[in-house]
Amino acid sequence: MNKKMIVTAALSAFLCTGIAVPAEAAKTVTVTLPTFDVTLNGTVVENDNRQYPLLVYNDITYVPMTYYDCRFLGLETTWNQKDGLGIHKSDLTGAYYDYETAKKNSKRGIAQIATGKIKVNGKEINNATEKYPLLLYRDVTYFPLTWRFAVNEFGWKYQFDNKNGLVITSNNAHTESVIMNDVRHNEYDSFSYAVDSDYL
């Protein structure tokens, strides 16, 4: 009986050394909704009921890296386990999608600082030491709209003032919605087409 107890205790001690230690919880930060207008490619973003609203952290506006938001701004994201997250400028074009929901957003929320490998236009970002790190909010990566990234990396037009708020214009082709009237059948058709930003 004693032998059994000794063997069981030794086996338990051995097995315990193989249990993975839980990873340290990601650092969290407080974020808020913008108190000023944000206009992206001519569209004023409505944040009150947006599933993935624009956020403000450390006095910088953050944009969600969703499928539609990326293409609307001429960005593309890649991810794999080996290389991590990649964000780069692209000539992709997409229409604005509002992600509207029935639920009203709180003025304040909690986001996490993104971990893992991150590259912007092929350049490695040490997110742990960034003054304006990439964030995770509602399981989506959020990107800081700093001059460094918006202008220097992506080539966007960037303007902020008290009257208009933040105005960002990317240089990919933009889509415009048009309503065509078929006078023969008194019907209306709506479609979108791409417009090169050089002609706007």
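## Exercises on a predicted model

Leaving aside its neighbours within four places in sequence, F154 is in contact with L75, I87, K89, V120, N121, F143, F149 and N171. The exercises below start from this residue and work outwards through a model that is predicted.

### Exercise 1: the nonpolar cores

Task: Find which residues of the largest nonpolar core touch the most other members, and which elements give two or more residues to this core.

Solution. Step one is to take the core as a whole, which holds 25 residues, and to pick out those that touch the most other members, namely L40, L75, I87, F143, F154 and W156. Step two is to trace the core back to the secondary structure: the elements that give two or more residues to it are β2, α2, β7 (84-89), β9 (118-120), α3 (147-153) and β14. Step three is to set this core beside another one, which lies apart from it and has 15 residues, including L33, Y57, Y99 and Y142. As background, nonpolar side chains tend to be buried together in soluble globular proteins.

### Exercise 2: the sheet that holds β14

Task: Work out the strand order of the open sheet that contains β14, and state in which sense each pair of strands runs.

Solution. The open sheet has four strands in the order β3-β2-β14-β13, and its pairing is mixed. Its edge strands are β3 (43-44) and β13 (157-161), each of which pairs on one side only. Going through the sheet from the β3 side, one finds β2 (residues 38-40) paired with β3 in the antiparallel sense over two bridges, with T39 standing opposite V44 of β3. The next pair is β2 with β14 (residues 165-169), which run parallel and are joined by three bridges; here V38 stands opposite L166 of β14. The last pair, β13 with β14, is antiparallel over five bridges, and in it Q159 has V167 of β14 as its bridge partner. The link between β13 and β14 is a hairpin through three residues.

### Exercise 3: L166 within its sheet

Task: Decide whether L166 is buried or exposed, and list what it touches beyond residues up to four places away in sequence.

Solution. L166 lies in strand β14. Its relative accessibility is 2%, and because buried means under 20%, L166 counts as buried. Not counting residues up to four places away in sequence, L166 touches F36, D37, V38, T39, T61, L145, Y158, Q159 and F160. A further comparison along the chain is given by P34, which is 132 residues apart from L166, while the C-alpha atoms of the two are separated by 9.8 Å.

### Exercise 4: the sheet that holds β7

Task: Explain why β6 and β10 each have one side without a neighbour in the sheet.

Solution. The open sheet in question has four strands in the order β6-β7-β9-β10, with mixed pairing. Both β6 (75-80) and β10 (123-124) stand at the edges with a single partner strand each, so one side of each is left without a neighbour in the sheet. The pair β6 and β7 is antiparallel over six bridges, and within it L75 has K89 of β7 as its bridge partner.

Just ahead of this sheet's edge strand, the loop between α2 and β6 contains G74, which is buried with a relative accessible area of 2%. G74 touches H88, K89, S90, L92 and N172, residues up to four places away in sequence not being counted. The C-alpha atoms of G74 and W156, which are 82 residues apart along the chain, are separated by 9.8 Å.

### Exercise 5: positive phi values and an exposed patch

Task: For N121 and D139, give the phi angle, the loop and the degree of exposure.

Solution. Most residues other than glycine have a negative phi. N121, in the loop between β9 and β10, has a positive phi near 50 degrees and is partly exposed at 27% relative accessibility. D139, in the loop between β11 (135-137) and β12 (140-144), has a positive phi near 65 degrees and is exposed, with a relative accessible area of 80%.

Task: Which residues make the nonpolar surface patch of about 340 Å²?

Solution. The patch is made by Y67, Y68 and Y97. Of these, Y67 is placed in helix α2 (residues 67-72) and is exposed, with a relative accessible area of 52%.

Notes:
Residues numbered from 1 in each chain as written. Predicted model: local features only at pLDDT ≥ 70, side-chain atom pairs only at ≥ 80, totals over all residues. Heavy atoms only, no water. Patch = residues over 30% accessible without salt bridge, like charges linked within 9 Å, V, L, I, M, F, W, Y side chains within 5 Å. Areas by Shrake-Rupley, 256 points an atom, 1.4 Å probe, with all protein chains shown as cover. Salt bridge = Lys/Arg side-chain N within 4 Å of Asp/Glu carboxyl O. Buried < 20%, exposed > 50% of the residue type's maximum accessible area, 1.4 Å probe, protein only. Pairing = 2+ DSSP bridges. Core = buried A, V, L, I, M, F, W, Y, C linked by side-chain atoms within 4.5 Å. Contact = heavy atoms within 4.5 Å.
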